[in-house]
Amino acid sequence: MRVTETWYLTLSAVLFAIGFVGVLVRRNPLVMFMSLELMLNAVNVSFVAFANKLDDIAGQTAVFFVLVVAAAEVVVGLSIVVAVMRRRPSMTADDLRSLKG
Amino acid sequence: MLEAAWLIPAFPLAGFALLVAFGRRLGDPVAGWLATLASAAAFVSTLVVFAGLVGEESESRFFIQHLFTWVAAGSFSVDAGLLVDPLAVTMCLFITGVGTLIHLYSIGYMHGDRNYSKFFVYLNLFVFSMLVLVLGDNMLLTFLGWEGVGACSYLLISFWFTSEANATAGKKAFVTNRVGDFGFMLAMFLLFHEIGSIRYADILTRAGTLSTFAATLAVVLLLLAAAGKSAQLPLYVWLPDAMAGPTPVSALIHAATMVTSGVFLLTRLNPVLAEADVWSRGLVAWIGAGTALFAATVALAQNDIKKVLAYSTVSQLGYLFLAVGVGGYVAAIFHMVTHAFFKALLFLGSGSVIHGMHDEQDMRRMGGLYKFMPITGFTFIVGWLAIAGVFPFSGFWSKDEILLYAWNADNIGGKGLWLVGIVTAVLTAFYMTRQVILTFFGRTRFYDATGAEISEAWSVRIDAVRQEMTAAEVARDKAAEAVDKANADVVKRSEALEAARGEVRQANAAVATSNPADEGHDKLVKTLDKAVKAVPKAEQALAKATDGVAAAEAGVVTATDELDAAVARLDELKARQPALPPLMVTARTPAPDVSEVADHLPASYEHRQEYHPHESPATMTMPLVVLAVLAALGGLLNLPFTSRLKVLEHWLEPSLFGHEAELGASAATKWVLAALALAGAVAAIVVSFRVYLRGRVRPEAIEKPVFAHAWYVDDSYADFFGGPGRRLFDLAAWFDRTIVDGAVRGTATVLSVAGRRLRVAQPGFVRAYATFIGFGTVLVMAWFLVGRLYLRQ
């Protein structure tokens, strides 16, 4: 049984869906954050799969960018989440709604 | 040397900037000297440029100095550049020359004013604006100067803004001028549309390509602009009110320079006038002639020394329009220059009079001032002879030239224009003679009691009599009281007499009944004696009391008489009119009779007896002397005898492009016309002497109320704009409030309502946003997929 691109893409889609549902249903900001990372990496998987299939380095390059940007985003996002949690430990994402229109 | 042209406006601008920054610190009089220096430097620069222009060949006396690109918008661009040609330089020469003299004069005139340096800030800014106006090489730059002088005029008219009247006069000037500015702008747009440029170099050379209709329309619009700035019918109303400003301002702005800018504009654009239909030029001439005559009649009956000059200015400006209308551009510029000399002289002279008279402007309060201020008086007389057109003073030559061109202009009713012109000239000589006589000759009416003072003295006197009357009333009441008292006394005394008599009777009876042998008999007899003796005493007292009644009654009669006399005196005083000064005076008018109330005149009258009118300081008289020389000799600029003597005409030739009207009149006609004008002026002076110096004719025969009220033009404007006009403005205001503001407010309302609706989409839940993004992405992808699969096929 050969592992084809379809496998990778299926894995990517499943991971992405899990991440997406996680973002939607969980209220803990930290968990939502992890779900978000899951979605990003799901996309990375698909990028690598396509790069391999199409024999194009551009996909892998994109992955590097995503990794770097994700790392930066984690730094900013996590520090915000930590700052908020430190102030109100029982915090959920739904409580952060002061931008309500 | 022509390259120095930029220095001409630069100096006043620098003076303005310096004075804005340091004026207050420099103070009185250094700030004034600095401003004068800036203006004088501009004059010197003008002389340099003038010399440079003289050095050029006649054909190449048209020099444009490019300074910088001012406006660049697509194919439309405006440069800030200076156009140096004989016309501009002539204007610059008298703007800076007369301007410098007026600056110098102001140093003395404004001495001690609270806002001394501010005055010179405005003055320098004005000179700068005026120079930009005449030197600008395109219409927009001229318009910049045009608005600049308007703003300065506003600021200077209402310079003493704490008085309501001055502030109103400033506003009136500004608003009236806006009407004219509207014409300027439309003319500028029209010329740009037709010629594709607003540079004079293009307009002047390509005016020939204008259609007659466009040129005529442009002339009418320019006439509107010029009528506003140069105070012609029907927009003249601001100029007489503008006399509220300090006198040097009246001289600089409202006599010598700013008001000539309308004439300058028409002369500058003479090729456009040449292309226009002949009736539009006739309109210019007839408006000028009408204004000249109208203002001259009004000047006949003004009593304010500056108002006479103001209407005289309006009248002389009418002459300039008349000259432009009939194509006598040289005559117009000639008269403009000589008028700048003698009208500035007259205004500054009147300022000197006002200064020496403790701010008195009413000519009825002047008279006989020649002996107090000989320099002012002498120079004023030179100005008078010049404006009256007496040979050989400057006004004679320039006015004659205009009349000659008017006579020549047959296609627009030249003979009629000439007639109006000559009547105006006669009136001018008449009212100016009146002014000179009332101001400088005859009795010195300055010391006379004023009407207000006499009225006050009379009311004081009436009050005194009224007090006497009150006192008499009190005395009468007192006397009546005394009568009552005396009567009561009589009653008391007669009762006492009765009592005494009763006692006698009692005593008698007692004596009769008693036995003489008794012990008490002697005592009773004694009592009787005493009672009998008391009776005459009581009788005497009664008689005295009765006399007292008579005396008291006599007192009542006297007091009543006194009261009656006082009432009669009061009635008599009230019935008599106090001898107030007359409303119209001549040199022969006697002083109002104040002998009856001499003791009651208020303190202001006493103060005035100790004050004497005095000559002004040298900074004020020096400009007068210089201007007097110029006013006397200004005619040398353009003597009509031989072609070589017509200096101004040859000089201005390059600016006129051959559009100067051809004179067809023969030499004999010229001599006759000149002689007629001179005879008219002399006759007017003689008649004026008879009326105002000799008092042979009552002034009421000449100073009609309709003249004094300026033919009720101002009142009619007020009535119109207060009545039907007001409703029109209300309508416009309503339109603005409801339709224009409504549209603006409606836009705001729509946006705010939409915003309120859209707010709902922003719940603030992060997860909700994620849902939107997620499903949005799905939708977008679906759209692309569907597009790929179906729509592209």
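**A walk through chain B and its contact with chain A**

In this predicted model, strand S1 (residues 63–73) of chain B runs antiparallel to strand S2 (residues 76–84) of chain B, and the two pair over 9 bridges. One of these pairings joins His66(B) to Gly81(B), its bridge partner in S2(B). In a regular strand, the side chains alternate between the two faces of the sheet. The hairpin formed by S1(B) and S2(B) has 2 residues between the strands, and Gly74(B) has a positive phi there, near 65 degrees.

The next element to look at is a helix. Helix H9 of chain B covers residues 247–256, and 10 of its 10 residues are buried, so the helix is largely enclosed by the rest of the structure. Its buried residues include Thr247(B), Pro248(B), Ser250(B) and His254(B), along with Val249(B), Leu252(B) and Ile253(B). What do the buried residues of H9(B) pack against? They pack against six helices of chain B: H2 (86–109), H3 (116–135), H4 (139–157), H8 (238–241), H13 (305–325) and H14 (329–356).

Helix H14(B) comes up again in the nonpolar core. The largest such core holds 210 residues, and Leu131(B), Leu222(B), Leu322(B), Ala344(B) and Ala631(B) have the most contacts inside it. H14(B) contributes the most to this core, with 17 residues. A second, separate core has 6 residues, among them Ala449(B), Ile454(B), Ala457(B) and Trp458(B).

Leu322(B) shows how parts of the chain that are apart in sequence meet. Beyond its neighbours within four places in sequence, Leu322(B) is in contact with Ala285(B), Gly288(B), Ala289(B) and Ala292(B), and also with Ile402(B), Ala406(B), Leu417(B) and Gly421(B).

Two of these partners lead on to Gly414(B), a residue of helix H17 (residues 414–440) of chain B. Ala406(B) is one of the residues that Gly414(B) touches; the others, not counting residues up to four places away in sequence, are Val326(B), Trp407(B), Asn408(B) and Ala409(B). Ala285(B) is 129 residues from Gly414(B) in sequence, yet their C-alpha atoms are 9.2 Å apart in space. Is Gly414(B) buried, exposed or partly exposed? Gly414(B) has 19 other C-beta atoms within 10 Å; a buried residue needs 20 or more, and an exposed one has 12 or fewer, so Gly414(B) is partly exposed.

Last comes the meeting of the two chains. The contact takes 11 residues from chain A and 11 residues from chain B. On the side of chain A that touches chain B, 6 residues are nonpolar, 2 are polar and 3 are charged.

Definitions and conventions. Residues numbered from 1 in each chain as written. Chains lettered and ligands numbered in written order. Predicted model: local features only at pLDDT ≥ 70, side-chain atom pairs only at ≥ 80, totals over all residues. Helix = DSSP H or I, 4+ residues; strand = E, 2+ residues; numbered from the N terminus. Contact = placed C-beta atoms within 7 Å. Nonpolar A, V, L, I, M, F, W, Y, C, P; charged D, E, K, R; others polar. Core = buried A, V, L, I, M, F, W, Y, C linked by C-beta atoms within 7 Å. Pairing = 2+ DSSP bridges.
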